[in-house]
Amino acid sequence: MNKKIAMMGGKNSILPFKGLGVDIYPVDDLEEAAQQLQEMAEDYGVIFLTERLIEQLESIIRQYEELPTPAIIPIPSSTGSLGIGMARIQQNVEKAVGMNILDS
């Protein structure tokens, strides 16, 4: 089981996490991000992606949803949240419980 943790996104969004021991991968280009994600999936157990990348790389991320690793977790970017992280949590809760118990 791989316990390495990585983070990918815009440099301003992920740079602060380098001091926490997280491997960071700043990307500016969507094609570069797609290739980088596929390479990271082989080496990391947890990959944090900014919500903007989650949105743009959805087709690639779907390949890993049913696998035990990597866990791909959305985080807000430095410009704010798009609500993607909460939407994914709600979807997973609904799948597990049969209804959305988080909706207020």
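Glutamine 36 lies in helix α2 of this predicted model. Its relative accessible area is 19%, and because the threshold for a buried residue is under 20%, glutamine 36 counts as buried. Leaving aside neighbours within four places in sequence, glutamine 36 is in contact with two residues, Met8 and Tyr25. Met8 will return below, as a partner of phenylalanine 48.

Helix α2 also holds glutamine 38. Here the relative accessibility is 35%, so glutamine 38 counts as partly exposed. The two glutamines thus fall into separate classes, since glutamine 36 is buried at 19% and glutamine 38 is partly exposed at 35%. When residues up to four places away in sequence are not counted, glutamine 38 touches Ile60, Gln63 and Tyr64. One of these partners, isoleucine 60, stands 22 residues from glutamine 38 along the chain, and the C-alpha atoms of the pair are separated by 8.0 Å.

Attention now turns to the loop that precedes α2. Aspartate 29 is located in this loop, between β2 (23-26) and α2 (30-43). With a relative accessible area of 40%, aspartate 29 is partly exposed. Together with Asp28, Glu31 and Glu32, aspartate 29 forms a negative patch on the surface. A residue joins such a patch only if its relative accessible area is over 30%; the 40% of aspartate 29 therefore satisfies this requirement.

The next element to consider is strand β3, residues 46-50, which contains phenylalanine 48. This residue counts as partly exposed because its relative accessibility is 21%, and the buried class requires a value under 20%. Beyond its neighbours within four places in sequence, phenylalanine 48 is in contact with Ile5, Ala6, Met7 and Met8, as well as with Ile73 and Ile75. A further link across the sequence concerns isoleucine 72: this residue and phenylalanine 48 are 24 residues apart in sequence, yet their C-alpha atoms are 5.8 Å apart in space.

Proline 70 belongs to the loop between α4 (58-61) and β4 (71-75). The peptide bond leading from threonine 69 to proline 70 is cis, with omega near 0 degrees. In general, most peptide bonds are trans.

These local views may be set within the whole chain. Its secondary structure amounts to five helices and four strands, arranged from the N terminus in the order β-α-β-α-β-α-α-β-α. Of the 104 residues in the chain, 35% are buried. Considering contacts between residues at least 6 apart in sequence, 55% join residues at least 24 apart. The chain exposes about 6,700 Å², and 51% of this area is supplied by carbon and sulfur atoms.

Note on methods:
Residues numbered from 1 in each chain as written. Predicted model: local features only at pLDDT ≥ 70, side-chain atom pairs only at ≥ 80, totals over all residues. Heavy atoms only, no water. Patch = residues over 30% accessible without salt bridge, like charges linked within 9 Å, V, L, I, M, F, W, Y side chains within 5 Å. Areas by Shrake-Rupley, 256 points an atom, 1.4 Å probe, with all protein chains shown as cover. Salt bridge = Lys/Arg side-chain N within 4 Å of Asp/Glu carboxyl O. Lys, Arg positive; Asp, Glu negative; His and termini not counted. Charge placed at Lys NZ, Arg CZ, Asp CG, Glu CD. Helix = DSSP H or I, 4+ residues; strand = E, 2+ residues; numbered from the N terminus. Buried < 20%, exposed > 50% of the residue type's maximum accessible area, 1.4 Å probe, protein only. Contact = heavy atoms within 4.5 Å.
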